[in-house]
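Please look over the sequence and the coordinates before reading on. The paragraphs below move from an annotated span to a ligand and then to a strand beside it.

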Amino acid sequence: MADLLSDLRPGEAWHGEGVLHLPGFADAAAMWAALQPVLAAAPFRHLVTPGGKTMSVSMTNCGRVGWVSDRAGYRYQAVDPLSGRPWPDMPEALRAVAVRAATAFGAAGFDPDACLINCYEVGARLTPHQDRDEQDLGEPVVSVSLGLPGRFVIGGTERSGPKQTVLLEHGDTLVFGRSARLAYHGVLPVKAGDHPMMGARRISLTFRKAG
Ligand SMILES: O=C(O)CCC(=O)C(=O)O
Ligand SMILES: [Fe+2]
């Protein structure tokens, strides 16, 4: 840990051994441009939880597999249920950022096969959950934020218990893995605002090794 800490650049922060915040790490404009063909082929949609609730966040995916939720449960699958076709490929420009961030985290060799893309309109939120549908929990999750700020809340491996909030702004990247891989985390309701590039919303791209 001491070695990693001494390599940190100004602004970077470890929130415990398993969480690394890299402010302004991603070229947000380049990522937004690379995302356009993905969103054209697989638009955002509001998924339904197994319990029958419609999520306030709308989602889509790129990569070999994508995360979906419906009355049957949560899972990764190769086909977009909306189009009946495979999810769009993960653009190399996006993948490269995730690999670079994972390397900064100490997870060199990260090879994401799924990118779940979340769109938060003002007021949308993600209640605390664990990301546990991936086969290899030894690999981290890398999340890149675009648009309005997000207040990312992360705690321990129990749903209750202390949590801390990390403000994620346009271009910020957050990596969580190792001791925090199964940490409960979520996003507080996004506050009203108007981002010059992204408008009144926050988008997060979450890269995973699903299996
Ligand atoms: O939007 C975020 O920053 C977090 C998203 C998240 O937790 C997820 O996609 O599982
Ligand atoms: Fe998550």
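**The annotated span and the ligand shell**

In this predicted model, the C-alpha atoms at the two ends of residues 111-211 lie 10 Å apart, and the span is 44% strand and 0% helix. According to UniProt, in an unreviewed entry, residues 111-211 are listed as "domain: Fe2OG dioxygenase".

Which residues surround ligand 1? The shell consists of Leu116, Asn118, Leu126, Asp131, Ser143, Gly150, Phe152, Leu168, His185, Val187, Ser204 and Thr206. Strand E7 (114-121), strand E10 (150-154), strand E13 (185-187) and strand E14 (201-208) are the elements that give two or more residues to this shell. By residue class, the shell around ligand 1 divides into 6 polar residues, 5 nonpolar residues and 1 charged residue.

Strand E10 deserves a separate look, since its residues can be followed from the ligand shell into the pairing of strands. Gly150, Phe152 and Ile154 form the covered face of E10, whereas Arg151 and Val153 form its uncovered face; of these residues, Gly150 and Phe152 also appear among those that surround ligand 1.

Which strands pair with E10? Strand E11 (residues 164-168) runs antiparallel to E10 and is joined to it by 5 bridges, with Val153 standing opposite Thr165 in E11. E13 also pairs with E10 in the antiparallel sense, here over 3 bridges, and in this pairing Ile154 stands opposite His185. His185 in turn belongs to the shell around ligand 1, to which E13 gives two or more residues.

Notes: Residues numbered from 1 in each chain as written. Chains lettered and ligands numbered in written order. Predicted model: local features only at pLDDT ≥ 70, side-chain atom pairs only at ≥ 80, totals over all residues. Near = placed C-beta within 6 Å. Helix = DSSP H or I, 4+ residues; strand = E, 2+ residues; numbered from the N terminus. Nonpolar A, V, L, I, M, F, W, Y, C, P; charged D, E, K, R; others polar. UniProt positions renumbered as here; feature names shortened; annotations may be inferred. Buried ≥ 20, exposed ≤ 12 C-beta atoms within 10 Å, placed from the backbone. Pairing = 2+ DSSP bridges.
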